[in-house]
Amino acid sequence: MGIVAGLDSSSTFTRIVVCDTDTGAVLRQGYAPHPQHGGGEPGGVKTHETDPQAWLLSLGEAAGGGLLEGVQAIGVSAQQHGLLALDTQGALVRPALVGNDKRGQVAAAELIEALGVDGHGGRQAWAEAVGSVPQSAQPVAKLAWLARHEPEAARRVAVLMSPHDWLVWQLLGRPARRTTDRGGASGTGWWSAATGSYRPDLVELALGHRAMLPEVLGPADAAGTTPEGLLISAGTGETMAAALGLGLAPGDAVVSLGASGSVMAVHHEALSEPNGLITSLADAAGMHLPVVNTSNAVRALRGTAELLGTDLAGLSDLALKSTPGAHGLVLLPYLEGERTPNLPHAAGTLSGLRRDSMKPEHLARASFEGMLCGLADALDVLRTRGVEIRRVFLLGAAAELPAVQAAAPGLFGTQVVVPQPADYAALGAARQAAWALGVAQGTLAPHTPPVWPAPAGQVFEAGEDHAVWQAVRQQYVATREQIHPGAFQA
């Protein structure tokens, strides 16, 4: 028996779980919010910038009270889409750029255009190069924004790191060797999960010159050992850590219900899509995590709830008073445009209005079915590329709504699991630490993570009313094709 810790440094807090290496049982937990340093300027200009020292302060507070006593190894999970630009001395040239920073939209568009050659679109060129098309949140777009708007700082950039890279480096005492992992590297926009290699020319395209990039470690590798003998594993991004914490395997997918939505699945090879609908990520266990994002998920429910003067729980109750198909009402939930399909300038559409369908319960039902059908579209993008999906883990507070649980299995066409709420990113980081420790001790193989029990949760089966839900899905697809013909072929 050993003891390991997993820390998850999210956008707003640090959570630490201390686990038994053999059983995965959580022995102790720590939590601390990130200290605030004045917030943003008027208009929110600085809301996507932060001093990463806040992450260390939060980590120290979360680990207080002897939380890490007896711990032999630590795994680090951290927020994705962060960019830390360092000079030759290892000092930050500016605060870290984090989150979905909309300032990078123009830079992302310019990067896409710059890679197009001989009449071929840049979107396809990027998808072939690194498995994704630049979005404002990606580090490559943040880097291009930095070069265009802060050229003095950009000229001093010598090293590029992600939040988890930087935290691992700090825990090890800032050694000359800097490391990352496949998962974190795959989200940068300058590393290809398909080839397992960097594209330094894309860094140069964004920044104007090349920079040092961290060594990419294997899933079970250790980044190093502290002077006190504490092993630090490779670390990874939050998405990959959560997948490892959930114990995802081939055949599993995750549907995340936030304001926007995402669908990811474990697959044996890297996938890309010419229009960039698929973001080709690597996971933290040696496999791949193709991801499809939607711009709209729970925001469609909240908008409908506000319109009907209720909350999400009330909207769910209303929806269950209706029947599958919502009396012909169909909501295309493209309230913020849409990424899947690629309709950035679209608006939402409510179709099928008749006198007998103009009732609150039918509109409520249509909002749930529209949201879930939009996510089923995202699942189908993966299925059409050969990804097997036998089970869907449904994450997010909205997954607890009875209307979601009633409709999701039928519309997704598969078993749905709503896992018990937990910080799966921290658990995944702990599992990675246990893996690296076991490999270092010779008790685990480098190609197989430790087997920990599956998370507890509710299981919902598709049931015998398959034809009913197929009809609902067809009604949605027919409406989408009528309003946006060929949207998935564009």
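Glu-481 pairs with Arg-480 in a salt bridge, with 3.6 Å between the closest N and O atoms; the term covers a side-chain nitrogen of Lys or Arg within 4 Å of a carboxyl oxygen of Asp or Glu. This is a predicted model, so local features need pLDDT of at least 70 and side-chain atom pairs count only at pLDDT 80 or more, while totals for chains, interfaces and linings use all residues. Residues are numbered from 1 along each chain as its sequence is written, and side-chain values use heavy atoms, with hydrogens and water left out. Helices (H or I, at least four residues) and strands (E, at least two) are DSSP runs, numbered from the N terminus. For burial, the cut-offs on relative accessible area are under 20% for buried, over 50% for exposed and in between for partly exposed (1.4 Å probe, protein chains only).

**Salt bridges around α12 and α15**

- Back to that opening pair: Glu-481 is partly exposed at 28% relative accessible area, whereas Arg-480 is buried at 7%.
- Both belong to a network of salt bridges that also takes in Asp-377, Asp-380, Arg-383 and Arg-473.
- Within that network, Arg-473 and Asp-377 meet through their side chains at 3.0 Å, N to O.
- Arg-473 sits in helix α15 (residues 466–483) and Asp-377 in helix α12, so this pair ties together parts that are 96 residues apart in sequence.
- Both partners are tucked away: Arg-473 is buried with a relative accessible area of 7%, and Asp-377 is buried with 4%.

**Another bridge**

- In total, the structure holds 19 salt bridges.
- One of them joins the side chains of Glu-49 and Arg-103, at 3.0 Å from N to O.
- That contact links distant parts of the chain, 54 residues apart: Glu-49 is in strand β4 (residues 49–50), and Arg-103 is in the loop between β7 (96–97) and α2 (105–115).
- Glu-49 counts as buried at 13% relative accessibility, while Arg-103 is partly exposed at 24%.

**Helices**

- Helix α12 (residues 360–383) has 24 residues and should span 34 Å at 1.5 Å a residue, and its end C-alpha atoms are indeed 34 Å apart; the expected span is 1.5 Å times one less than the number of residues.
- With 20 of its 24 residues buried, α12 is largely enclosed by the rest of the structure.
- Helix α9 (residues 238–246) is also largely enclosed by the rest of the structure, since seven of its nine residues are buried.
- Those buried α9 residues are Met-240, Ala-241, Ala-242, Ala-243, Leu-244, Gly-245 and Leu-246.
- Right after α9 comes Gly-247, with a positive phi near 75°.
- In helix α1 (residues 53–62), the buried residues are Ala-54, Trp-55, Ser-58, Leu-59 and Ala-62.
- Looking down the axis of α1, these buried residues fall within an arc of 140°, so they line one face of the helix; the arc is taken over the directions from the helix axis to the C-beta atoms.
- Leu-57 and Glu-61 are exposed on the other side of α1.

**Strands**

- Strands count as paired if DSSP finds at least two bridges between them.
- Strand β1 (residues 3–9) runs antiparallel to β2, with seven bridges joining them, and Gly-6 has Val-17 in β2 as its bridge partner.
- The hairpin from β1 to β2 goes through three residues.
- On to β3 (residues 26–33): this strand pairs with β2 in the antiparallel sense over seven bridges, with Cys-19 opposite Val-26 in β3.
- The β2–β3 hairpin has five residues between the strands, and Gly-24 there takes a positive phi near 75°.
- Six of the eight residues of β2 (residues 13–20) are buried, so this strand is largely enclosed by the rest of the structure.
- Elsewhere, strand β16 (residues 251–257) runs parallel to β22, joined by six bridges, and Ala-253 stands opposite Val-392 in β22.
- β22 also pairs with β23 (residues 415–419) in the parallel sense, over three bridges, with Arg-391 opposite Gln-415 in β23.
- Five of the seven residues of β22 (residues 389–395) are buried, so this strand too is largely enclosed by the rest of the structure.

**Surface patch**

- Leu-350, Leu-353 and Met-358 make a nonpolar surface patch of about 290 Å².
- Met-358 lies in the loop between β21 (349–351) and α12, and is exposed at 53% relative accessible area.
- Patches are made of residues with over 30% relative accessible area and no salt bridge, joining like charges within 9 Å and nonpolar side chains (Val, Leu, Ile, Met, Phe, Trp, Tyr) within 5 Å.
- Accessible areas come from the Shrake-Rupley method with a 1.4 Å probe, and for residues only the protein chains shown count as cover.
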